[in-house]
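Q: Could we go through this model together, starting with the overall fold and then the aromatic residues?

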Amino acid sequence: MTEERTPPPNTEPPVTGEAASTVPKPTVFNTPHANRVSSSTQTPSSRATKHSTNRKALAPMIADDLENDSYQILPEEFATYFLNVGDAFIAECEKIFSLDADTDQWRSTVESASKEYYTANAEPDQYKPFLKIINAVLDRATGNSTIKKRFPGFNRALQYAARNRKSPTGGVKKASIYPDIMGEVAIQGQTNAEASWERSLLPLEFKKKAKEKASDATGRVGIGDGRVRKSRQSKSGKATIPSGSKEDYVIKSKSTKPQNRGQKRTPTGSLSQNSAKRTKEKQEDVNDEERNPTYEEQLAMYCLEMFSTGLRAHTYGILIDQGNMTLHHFDRDGWIYTSSFNVFKKWGMFTAILVAFSSFDAHQWGFYHSLDWDRSRCMIPIVNQASALGLNPPSLIIHCEKGVPEDYRLERHDQTTPVDEYSDLDKLQSLTSSNISDIDNTEPGFARVTLMQKVYVQFGLIGRGTVLFLIKQDNTAGEPGIVVKISSQAIQRLPERLYLRIAKQGLIKSNSEHVKNLPVLIGWAQCQQLSDGPRGKLPGSGKIEKGGNSDRRIDIHVFPYYAHIYTLPDEATFKKAIRDCVGCSYDLYRFLQLLHRDISSENLMWDSKWNVAILNDFDLAKLVPEMQRGPYAKHKTGTLPFMALDLLNGWSGEHQYRFELESFLYVIMWIVVRYEDGKEKYDTLRRWLAKHPDFVFASKNTLFSRLKVFKAIPWTQSATFPNIYESWIYPLRMIFSRFIRSSEAAQESKGFGNQQQLVYEEVGFGIEEFLDVLMKY
């Protein structure tokens with residue numbers, strides 16, 4: 001059986017200068033979050049991971065996102081709804097950029113570059129002539145009164161360059177080499193600025209040129225021998241739509257939206273019965289873990305790099321194949337792409353598109369509306385490279401939460417900032433006795449915070465795309481102990497701050513000692529929704545309806561910068577941290593009916609300032625009565641290596657508290673066999689890192705069904721955790737093994753078939769027995 005490969009460590013750019021002495025080392029988030037699943041993302045391919053250093057390893061991840069959340073539209077539709085370019089302006093561009101009437105340098109430049117492009121013998125030789133065409137078009141557009149009237153924002157801040165094919169500053173080493181041509185933002189006074197993904201705006205990727213027959217500058221290209229890397233269309237057997245008139249295009253949506261990627265499959269049998277056959281079924285899936293990306297996937301990787309800078313709601317890209325162009329738009333809901341058109345046969349459209357892109361402002365490029373920065377020197381916000389480029393990083397306006405400890409309080413300005421109450425508050429307010437409104441829980445005034453350095457990013461195209469930035473306040477030195485968390489949340493989910501208020505107020509009323517184990521919410525803000533952008537205007541299946549299932553909003557929360565419990569130096573402290581996190585989880589359940597639903601190694605934290613454990617990240621939290629109200633209750637949530645077996649195996653009922661306890665067991669197992677002295681040292685249990693739930697299920701289920709396999713794991717190899725196997729792992733494993741056997745026996749004897757939930761309710765799970773083991777030993 002093929003083992004899963006563990007992606008190597010993150011490769012964040014180094015911190016230099018004064019910041020190096022004050023900023024803590026960037027958090028290295030381990031690979032388990034590469035397989036995080038949630039009801040908000042509704043996708044098993046939402047990644048929160050260290051960057052992989054291998055393009056082949058990234059290809060399957062990208063493919064999952066593109067295959068399941070993609071829509072094809074006409075180029076004219078893309079021009080209209082994404083670029084604000086209509087038929088009338090395309091006709092104007094046909095005249096402005098006509099090659100028929102002029103005999104000046106303009107015509108000569110374009111024709112010679114076109115001939116050079118089509119007669120190039122190799123792919124790299126195509127970049128420079130095509131770049132000449134782009135710059136010639138934009139040079140001619142500069143100063144044109146018609147263009148200035150139609151697009152007042154037209155400027156040359158977007159500059160195109162054919163860079164060396166290596167990953168630029170701040171990107172993934174060897175993961176996605178730099179695009180053939182990249183449109184980058186110009187920075188005043190920095191004409192020779194080093195390439196970086198923060199400055200990148202529009203990647204252009206060229207398909208490799210096959211051997212051809214003779215061709216000319218009209219776009220009539222001969223048929224090649226086909227020995228090139230496949231596109232997604234050719235790989236799947238779907239023919240590429242040729243260029244032609246509007247009537248010639250055949251539009252096909254590849255979307256599988258009605259299937260809801262996060263929905264549960266129908267159960268097909270008992271836990272142990274499914275494991276063997278699923279292992280065999282998914283063997284091919286594991287063996288295909290690494291492969292060369294298609295051209296579309298490579299373009300998506302460039303856009304993923306731009307997403308990973310942490311400040312964008314969407315990105316654009318262009319794919320070019322022998323003069324035929326397709327336009328691409330990526331956001332946290334999916335991928336919009338066009339059928340192809342020939343840039344020389346549709347010259348007016350091609351030139352109009354170039355003009356439109358050069359007229360975009362930062363918001364049209366996808367940067368968050370709530371950011372504030374000095375636009376006089378750079379049209380987009382820059383964070384990690386700001387110091388090197390002589391720029392001031394962007395800032396945010398934050399609402400300050402009431403009741404924050406003095407050590408974490410932000411300095412507020414006296415001006416009154418209106419707080420808009422969360423519109424769907426009544427969805428949750430009726431289910432709790434806590435006062436969770438924004439108005440009642442927010443201090444008057446506001447705080448301005450500056451983003452200083454990105455320390456974590458959820459590396460994936462589709463989903464929340466969570467990113468953490470260390471912050472400082474105004475012009476003060478600040479303290480490197482507070483982060484801003486920015487994430488793109490499904491609009492159907494309520495903000496994390498509401499659940500944190502329920503948890504805090506509820507535990508205080510219940511006299512629970514574990515209120516100290518909740519994360520401190522320092523402040524919050526909200527930004528735009530995806531439906532506010534171009535996807536909200538798009539007709540057809542690719543449209544994002546305001547407040548619909550595909551809509552997302554940008555949530556911003558401010559927290560202390562906690563450490564992970566796997567960095568703790570000794571077994572006694574680690575045990576205390578686990579006990580406190582479990583105790584907090586149990587009190588939330590028994591007092592408030594609140595489930596965390598994403599217990600993982602990355603969400604169990606340690607507050608070194610107060611020496612207490614923190615049950616962190618309530619993004620996926622739900623109240624039990626809330627889950628019982630609607631269909632969103634039955635979506636699987638969590639991080640694959642730590643998800644309960646039932647969730648991996650097609651559970652169709654509501655989320656159970658025993659799933660939380662099972663996840664705690666997996667966290668204990670994971671840390672004990674992989675970490676030593678606070679660092680990841682061993683590669684044990686790497687099969688849990690598989691990207692498919694079925695394979696993770698089979699790997700984990702074997703530990704419960706086969707004692708010999710379980711005992712073969714080197715549970716005591718870490719010098720940091722010599723005793724946890726005997727005190728916790730073995731007895732807890734026995735509890736779950738007995739439960740699984742009892743439930744399967746009841747299922748068989750009672751004839752419940754696939755109705756797993758009924759059987760489990762009858763058998764029952766020993767929550768108290770589980771807690772006793774943790775608390776006594």
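A: The turns below cover the chain as a whole, its aromatic pairs, charges over rings and one sheet. This is a predicted model in which local features need pLDDT of at least 70 and side-chain atom pairs count only at pLDDT 80 or more, while totals for chains, interfaces and linings use all residues. Residues are numbered from 1 along each chain as its sequence is written, and side-chain values use heavy atoms, with hydrogens and water left out.

Q: How many helices and strands are there in the chain?
A: The chain has 24 helices and 23 strands, taken as DSSP runs (helices H or I, at least four residues; strands E, at least two) numbered from the N terminus.

Q: And what share of the residues is buried?
A: Of the 777 residues in the chain, 60% are buried (under 20% relative accessible area, 1.4 Å probe, protein chains only).

Q: How many aromatic pairs are there?
A: The count is 41 aromatic pairs, where rings of Phe, Tyr and Trp (its six-membered ring) pair if their centres lie within 6.5 Å, and planes under 30 degrees apart count as stacked, over 60 as edge-to-face and the rest as tilted. The ring centres of W197 and Y302 are 6.2 Å apart and their planes are at 20 degrees, so this pair is stacked.

Q: Where do W197 and Y302 lie in the chain?
A: W197 is in the loop between β4 (181-185) and β5 (200-206), and Y302 is in helix α11 (residues 295-307), 105 residues apart. Both W197 and Y302 are buried.

Q: Which residues form one aromatic cluster?
A: The cluster includes F97, W106, Y117, Y118 and Y127.

Q: Changing topic, which ring does the charged end of R497 sit over?
A: R497 has its charged end over the ring of W524, 4.0 Å from the centre. K575 lies over the face of W728, 5.1 Å from the ring centre. A charge sits over a ring if NZ of Lys or CZ of Arg is within 6 Å of the ring centre and within 35 degrees of the ring normal.

Q: What is the strand order in the open sheet of three strands?
A: The order is β16-β18-β19, with antiparallel pairing; two strands pair if DSSP finds at least two bridges between them. β16 (563-564) and β19 (612-615) stand at the edges with a single partner strand each, so one side of each is left without a neighbour in the sheet.

Q: How many bridges join β18 to β19?
A: Four bridges join strand β18 (residues 604-607) to β19. W606 has A613 in β19 as its bridge partner.

Methods
Buried means under 20% relative accessible area, exposed over 50%, partly exposed in between (1.4 Å probe, protein chains only).
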